[in-house]
Amino acid sequence: MKLGAYLAHLGSGPPYDVASWARRLVDAGFESLWMPQIIGRSGFVPDPFVALAAAAVAAPDVEIGTATVQVPLHHPADLAHKIRSLQLVCGNRLVMGLSPGSTQTDYALLDRDFRSRFRTFDENVARLRDLLPAPPPFLLGSWGANVDKAARHFDGWLASAYRRTPDQILEAQSRFRAVGGERAIVCAIPLTKSADLDLVGNQLHRYAEGGFDDAVVVIEPGGADPEKVRALLP
């Protein structure tokens, strides 16, 4: 199982240099760099397209991905333009994690309808596939019945560990594989200041044994050194 890391800090903290953090993570041995789209919640998370473009230049040899872009917050033509622009920087290293979104505050800030997000997501993804001449791999980040949808209609699945237990994640992984799912990534594994590295290491080994292709951690401000986190999964 490959180990990646978020470029973002999801908790509150001082501003940080994305390019320097990307280089630090890659030097520590992480094999992919990821960025979510978060707008209306506490703290500041940089725009994923800007941050990933900087990271792609600073760290030219690793995979670059979104985890995730909330598709209904964008006009599909504008989102297709952003994706194509990022492809010019990243080349074939780019992977697009897409989701309907799960946080009403992001929708409220942009005056978007939260209740219709699943229908809008399906419509806009269909338009994205038509608008992009050579789309990067699309991974679906969602739960419930959408795990089956990820297996059948996307290039893979992003399972967020931010509010799920390892048992819940591994059960959903079994369903994903049972219906023919390809790449499976467990992401947003939090590492706060007080995180128990032994516990996180045990979780990573469970995910590897359960058949996940990748795991992606979030190292919060003041958390463990990237080198110590990377050493959890030789």
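1. Contact here means heavy atoms within 4.5 Å. By that criterion, V147, D148, A150 and A151 of helix 6 meet A172, R175 and F176 of helix 7. The model is a predicted one, and the points below should be read accordingly.

2. Geometry of this helix pair. Helix 6 spans residues 146-153 and helix 7 residues 166-178; their axes come within 8 Å and cross at roughly 40 degrees. The crossing is right-handed.

3. Burial in helix 6. N146, V147, A150 and A151 are the buried residues of this helix. They lie on the same side of helix 6 because they cover an arc of only 155 degrees around its axis. R152 and H153, on the other side, are exposed. The cover over the buried residues includes helix 7, together with helix 5, strand 5 and strand 6 (156-160).

4. The loop before helix 6. S142 sits between strand 5 (138-141) and helix 6. Is S142 buried or exposed? Its relative accessible area is 10%, and with the limit for burial set at under 20%, S142 therefore counts as buried. Leaving aside residues up to four places away in sequence, S142 touches P100, F118, V147, W157 and L158. Of these contacts, the one with P100 links positions 42 residues apart in sequence, with the C-alpha atoms 7.5 Å apart. V147, another contact of S142, is also one of the buried residues of helix 6.

5. Helix 3. This helix runs over residues 76-90, 15 residues in total, and reaches 20 Å from first to last C-alpha, close to the expected 21 Å. Its buried residues are P76, L79, A80, I83, L86, Q87 and C90. Why do they fall on the same side of helix 3? They cover an arc of only 130 degrees around the axis. An α-helix has 3.6 residues a turn, so residues three or four places apart point the same way. H81 and L88 are exposed on the other side of helix 3.

6. Surroundings of helix 3. Its buried residues pack against two helices, helix 2 (48-58) and helix 5 (117-131), and against strand 3 (63-70) and strand 4 (94-99). Helix 5 is also listed in the cover of helix 6. Just after helix 3, G91 takes a positive phi of about 65 degrees.

7. Annotation. An unreviewed UniProt entry lists residues 14-179 as "domain: Luciferase-like". Over that range the chain is 48% helix and 16% strand, with the end C-alpha atoms 43 Å apart.

Key
Residues are numbered from 1 along each chain as its sequence is written. This is a predicted model: local features need pLDDT of at least 70, side-chain atom pairs count only at pLDDT 80 or more; totals for chains, interfaces and linings use all residues. Side-chain values use heavy atoms; hydrogens and water are left out. UniProt positions are given in the numbering used here, feature names are shortened, and annotations may be inferred rather than shown by experiment. Helices (H or I, at least four residues) and strands (E, at least two) are DSSP runs, numbered from the N terminus. The expected span of a helix is 1.5 Å times one less than its number of residues. Buried means under 20% relative accessible area, exposed over 50%, partly exposed in between (1.4 Å probe, protein chains only). The arc is that of the directions from the helix axis to the C-beta atoms. Axes are lines fitted to C-alpha atoms, for helices over the stretch in contact, and angles run from 0 to 180 degrees between N-to-C directions. A crossing is left-handed if the near helix is turned anticlockwise from the far one by less than a right angle, and right-handed if clockwise.
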